[in-house]
Amino acid sequence: MPSPPPIAAKDIEPERIPDAPYLQTPPEVVLKMLELAKVDKADVVYDLGSGDGRIVIAAAQKFGARAIGIEIDPELIRESDRESKLAIAKTPEIRDRIQFIKQDFFKTDLRDATVITLYLLPQANLRVRSEILPKLKAGTRIISCEYDLGDLPPNQTEKIKVGNREYSIYLWILG
């Protein structure tokens, strides 16, 4: 009996393609994002597309916030778990304040968020604006690295230079 033809890689659909390529946010930019959002221990921070977890870990370690990373890529979730174990070894009190979830952030319940961080592509930011922002409570701070939310004017914009690269950081406070 002949074997079935192999399935071409293009015919296998992943759960969903990530909304942005993985780029490591420099530590200086991570801190500036969290400072601009005025993150503190009363906050619940969600990092949409959390990559290796550095924003989540910094929010808990340096600002005392409860922080949740939402990431669709299973390899990046494994990396986040490795990084969080290292961070917990240095700062055990953050153990109950950090969490990583492998999930499509468009399907995540974000109602308890007080801060949302983004480093996505422009089209993903526009989708966040239309699908996620309307579900959030007034006063929630949205902080984005590099890309804005289309024609929605930010409350504040800052630039930070790291090496020879300049990053734009945008802050919106939902009314």
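A quick note before the panels: a residue is called buried when its relative accessible area is under 20%, exposed when over 50%, and partly exposed in between, using a 1.4 Å probe and protein chains only. This is a predicted model, where local features need pLDDT of at least 70 and side-chain atom pairs count only at pLDDT 80 or more, while totals for chains, interfaces and linings use all residues. Residues are numbered from 1 along each chain as its sequence is written, and side-chain values use heavy atoms, with hydrogens and water left out.

**Panel A. The whole chain: four helices and seven strands.** Helices (H or I, at least four residues) and strands (E, at least two) are DSSP runs, numbered from the N terminus. Going along the sequence, you meet them in the order α-β-α-β-α-β-β-α-β-β-β. The chain has 175 residues, and 47% of them are buried.

**Panel B. The aromatic pairs, two in the structure.** Rings of Phe, Tyr and Trp (its six-membered ring) pair if their centres lie within 6.5 Å; planes under 30 degrees apart count as stacked, over 60 as edge-to-face and the rest as tilted. Phe-105 and Phe-106 make a tilted pair, at 4.8 Å centre to centre and 45 degrees between the planes. Both rings belong to buried residues: Phe-105 has a relative accessible area of 6%, and Phe-106 comes in at 10%. Tyr-170 and Trp-172 have ring centres 5.8 Å apart and planes at 25 degrees, so this pair is stacked. Tyr-170 counts as buried because its relative accessibility is 16%, and Trp-172 is buried too, at 2%.

**Panel C. Arg-127 over the face of Phe-106.** A charge sits over a ring if NZ of Lys or CZ of Arg is within 6 Å of the ring centre and within 35 degrees of the ring normal. Here Arg-127 is 3.7 Å from the ring centre of Phe-106.

**Panel D. The hairpin of β6 and β7.** Two strands pair if DSSP finds at least two bridges between them. β6 (residues 156–162) and β7 (residues 165–173) run antiparallel to each other, joined over seven bridges. Look for Lys-161, which faces Glu-166 in β7. Two residues sit between the strands, and Gly-163 has a positive phi near 65 degrees.

**Panel E. The second largest pocket, with about 320 Å³ of space.** On a 1 Å grid over the protein atoms alone, a pocket is an open set of points where a 1.4 Å probe fits, with protein on both sides within 12 Å along at least five of seven lines; lining residues have an atom within 4 Å of a point. Grid points are joined across faces, edges and corners, and the volume is the space filled by probe spheres set on the points. Of the 13 lining residues, Arg-54, Ile-57, Ala-58, Gln-61 and Glu-83 are the closest to the centre. α1 (27–36), α2 (54–63) and α3 (74–90) each put at least two residues into the lining, and α2 gives the most, with five.

**Panel F. Loop residues Lys-38, Glu-146 and Gly-150.** Lys-38, between α1 and β1 (44–48), has a positive phi of about 55 degrees although it is not a glycine. Lys-38 is exposed, at 61% relative accessibility. Glu-146 is another non-glycine with positive phi, near 80 degrees, but Glu-146 is buried at 18% relative accessibility. Both Glu-146 and Gly-150 belong to the loop between β5 (141–145) and β6. Gly-150 is partly exposed, at 33%, and its C-alpha is 6.4 Å from that of Leu-126, 24 residues away along the chain.
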